[in-house]
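Let's take a walk through a protein structure together. Have the 3D view open and turn it as you read.

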Amino acid sequence: MTRYAIDVHGLAKRFGDRQVVSGLDLRVPEGEICGFLGGNGSGKTTTIRMLCGLLTPDAGGGTCLGLDVIKQSAEIRLQVGYMTQRFSFYGELTVKENLDFVARLYQLPNRGKVVADMLERMGLADRADQFARNLSGGWKQRMALAACVLHRPKLLLLDEPTAGVDAKARREFWDLINDMAAEGMTVLVSTHYMDEAERCKRIVYLSGGRLIVQGTAEDVVRDAALVVFDLTGEGIDKVSKRLRGAPGIESATIFGRALRVVGLDRDAMRASLATIATDPGIVTEEVPARLDDVFIHLLQEPTA
Amino acid sequence: MSGFSFNRFLAVLHKETLEMRRDKATIGLTVMLPLIQLFLFGYALNANPRHLPTGVLTGEESRYSRDLEAALHNTGYFDLRRFASEAEADTALARGDVLFVLNIPAGFTRDVDNGRKPAILMDADATDPTAIAQASAAVNALNATVLQRDLPVPLQNQTGGAPFQIIVHSRYNPEAITAINVVPGLIGVIVSFSTLVITALTMTREREAGTMENLLSMPVRPLEVMFGKIMPYVGLGYVQVFLILAVSVAVFGVPVHGSIALLLAVLGLFIACNLALGFTFSTIARTQMQAQQLAQFALLPSMMLSGFIYPFAGMPLWARAIGEALPLTHIIRIARGILLKGNGFAEIAGDVWPMAVFAVAATGVAVWSYRETLD
């Protein structure tokens with residue numbers, strides 16, 4: 001039987017008259033990296049906060065690490081590492097002092113060594129005595145991650161950890177996350193980056209506070225059943241505008257030399273292409289859908 | 001994680017101290033502001049004013065009257081001007097153009113020479129008793145010596161007291177408060193200003209910086225956060241107290257009749273009151289701006305109703321009831337009592353327990369209003 005690090009059902013949260021999360025069911029097996037996706041304001045941050053006990057759900061319930069999310073939120077906090085979307089450490093403290101503070105709050109034994117090891121592992125040793133406010137974006141994120149995993153949590157909740165961080169730092173950051181997952185840590189990570197979503201074992205897509213799609217990247221792409229045509233050759237820039245809004249066509253976007261046309265109804269799309277993309281220089285070819293096609297498709301759908 | 005952990009408290013304390021120490025601007029302000037306030041208020045409110053405008057009405061031109069005027073002038077407290085009529089002098093006094101009117105009656109010389117010890121009336125505008133207290137005292141010292149040189153020989157060697165009397169008649173506010181001394185009161189005012197405002201900002205600062213979310217997600221209890229955050233500022237409060245006391249004694253000559261140790265101990269309780277209140281504001285307010293306003297909202301009535309600016313006994317009953325609830329009222333009484341009257345614990349106990357009640361109640365409210373979630 002699969003053991004779930006997160007197993008919640010019917011979670012709901014309302015702020016004023018805005019229903020931010022409604023009827024959310026989520027299961028994440030232990031040791032998985034789960035990508036948490038969805039547009040801005042889709043309820044990702046609120047869900048994460050409910051999972052670690054920072055917000056009390058209005059309805060629903062379930063368990064995190066086998067502990068009740070409502071009654072045992074204090075115990076959950078001890079075993080969960082939560083990295084906030086906004087950098088939330090003390091700028092006037094050095095990297096080492098920040099980690100030391102966290103270690104003391106968790107009352108970690110052998111604190112000095114734990115902090116030193118973590119600095120070493122995260123490549124922060126050279127920056128240990130820098131004030132946190134002077135770190136660049138990438139290093140700030142890395143320090144925040146170090147602080148979140150210092151107490152060796154079983155579950156790591158990362159809220160857009162790589163927003164605004166350059167590609168190299170993002171890749172290194174993900175390597176660290178992968179290493180931790182390999183050691184048995186369950187990771188729930190929200191992101192807007194496709195390449196990051198593809199690195200996740202499981203993807204969960206939220207829209208309007210509801211879970212719309214979940215599964216592996218392949219599952220998600222397959223279930224969406226999108227039809228994608230790539231158009232290449234002279235004249236694609238002229239037809240792209242006319243294709244948008246044509247019957248069966250959801251989007252027509254130019255990526256470099258190719259015009260990517262996405263829709264659900266193959267026959268309708270073929271008909272539209274046959275009437276609009278008539279230029280003899282244009283070559284049309286059906287290609288497999290990618291994850292980003294699916295997400296743009298999902299973002300366009302009116303929220304239920 | 002239930003219960004109070006001394007180690008976690010120490011962690012918060014250490015972190016807060018580091019942050020405080022590195023905030024050089026705030027440290028500078030907390031040291032400089034009390035000094036500036038002390039000098040400003042100390043001199044502005046507790047000055048021993050000299051050269052007070054004084055009117056003279058004289059019923060005779062004589063050597064004695066000139067002696068008297070010269071003597072008054074020489075004290076340095078009085079700048080004299082002549083008035084022709086009593087009506088004119090009264091108007092000037094009422095308007096505040098002069099603070100004193102000296103009335104030398106006709107026949108003054110004759111009465112002195114005959115040994116009748118005549119009385120001279122000196123009207124004083126006592127609306128501001130501190131303003132005239134020193135000057136009035138100077139007048140009373142004059143009687144015996146002023147006419148000495150010019151008296152007829154038989155009277156010069158008389159031992160039956162002064163040849164005349166000056167009676168200072170306090171107008172408008174006959175029960176002039178004499179024991180008033182602003183500086184001991186200032187100790188309480190300045191300490192509450194800085195400690196209350198600074199702690200009011202500590203939690204809202206965490207909230208605005210986004211660090212609150214992180215702090216909440218870690219296993220730390222409200223009391224640990226509260227004490228850990230407050231303690232560094234207790235230390236800062238004491239630095240201020242030492243500064244103020246030193247300047248009060250060295251510069252303003254405030255006497256120390258009682259035990260400084262007792263005063264310091266009680267001031268600790270007073271600081272605790274302010275910090276707990278500030279922490280409560282800090283948990284209620286959503287922004288630093290709101291916290292600042294709440295702090296000011298508490299400080300102004302404290303200043304007005306504590307007896308610092310206006311005499312406590314002169315206030316209506318309801319205002320006194322509010323005043324009694326304020327820690328500042330009690331610390332001002334205690335500070336004045338210990339420094340000026342040499343009071344011991346027995347005399348100040350009645351003002352200590354209300355502060356203790358306040359401190360416990362404010363701590364309770366602070367912990368109660370501390371939210372462990374972001375709801």
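Before we start, one term: two residues are in contact if their C-beta atoms, placed from the backbone, lie within 7 Å. Keep in mind, too, that this is a predicted model.

With that term in hand, pick out A:Leu157. Leaving aside residues up to four places away in sequence, A:Leu157 touches A:Ile48, A:Leu51, A:Cys52, A:Val80, A:Tyr82 and A:Leu188. A:Leu157 also belongs to the largest nonpolar core, a set of 138 residues, where A:Leu157 and A:Ala146 are the ones with the most contacts inside the core. Which element gives this core its largest share? That's helix 8 of chain B, residues 182-209, with 14 residues. There is a second, separate core as well, made of 26 residues, and its members include B:Tyr64, B:Leu68, B:Phe100 and B:Val139.

Now zoom out to chain A as a whole. Chain A has 304 residues, and 43% of them are buried. You can count eleven helices and 14 strands in chain A, and its C-alpha atoms fill a box of roughly 70 × 45 × 40 Å along the principal axes. The domain assignment splits chain A into domain 1, covering 4-221, and domain 2, covering 227-288. The C-alpha centres of these two domains of chain A lie 40 Å apart. Here's a number about how the chain folds back on itself: take the contacts in chain A with a separation of 6 or more, and 68% of them join residues 24 or more positions apart.

Next, let's follow one strand. Strand 8 of chain A runs over residues 186-190, and five of its five residues are buried. How are they shared between its two faces? In a regular strand the side chains alternate between the two faces of the sheet. Here, A:Thr186, A:Leu188 and A:Ser190 are on one side, A:Val187 and A:Val189 are on the other, and all are buried, so both faces of strand 8 of chain A are covered.

Strand 8 of chain A has partners, too. Strand 3 of chain A, residues 33-38, runs parallel to strand 8 and is joined to it by four bridges; in this pairing, A:Ile33 has A:Val187 as its bridge partner. Strand 7 of chain A, residues 155-159, also runs parallel to strand 8, with five bridges joining them. Here we meet A:Leu157 again, since its bridge partner in strand 8 of chain A is A:Leu188. To get from strand 7 to strand 8, chain A passes through helix 6, residues 167-182, in a right-handed β-α-β crossover.

Chain A also holds an open, antiparallel sheet of four strands, in the order 2-1-4-5. Its edge strands are strand 2 (18-29) and strand 5 (67-68) of chain A, and each pairs on one side only. Strand 1 (residues 4-15) and strand 4 (residues 59-64) of chain A are linked by five bridges in the antiparallel sense. Look for A:Asp7, which stands opposite A:Thr63 in strand 4 of chain A.

Finally, see where the chains meet: 22 residues of chain B are in contact with 25 residues of chain A. On chain B, helix 1 (6-22) and helix 9 (211-216) each supply at least two residues of the side touching chain A. Helix 1 of chain B gives the most, with seven residues. By class, this side of chain B has eight nonpolar, seven polar and seven charged residues.

Key. Residues are numbered from 1 along each chain as its sequence is written. Chains are lettered from A and ligands numbered from 1 in the order in which they are written. This is a predicted model: local features need pLDDT of at least 70, side-chain atom pairs count only at pLDDT 80 or more; totals for chains, interfaces and linings use all residues. A residue is buried if 20 or more other C-beta atoms lie within 10 Å of its own, exposed if 12 or fewer, and partly exposed in between; C-beta atoms are placed from the backbone. Two strands pair if DSSP finds at least two bridges between them. A crossover is right-handed if, with the strands pointing away from the viewer, the path from the first strand over the helix to the second runs clockwise. Ala, Val, Leu, Ile, Met, Phe, Trp, Tyr, Cys and Pro count as nonpolar, Asp, Glu, Lys and Arg as charged, and the others, Gly among them, as polar. Domain bounds come from an automatic or database domain assignment. A nonpolar core is a set of buried Ala, Val, Leu, Ile, Met, Phe, Trp, Tyr and Cys residues joined through C-beta atoms within 7 Å.
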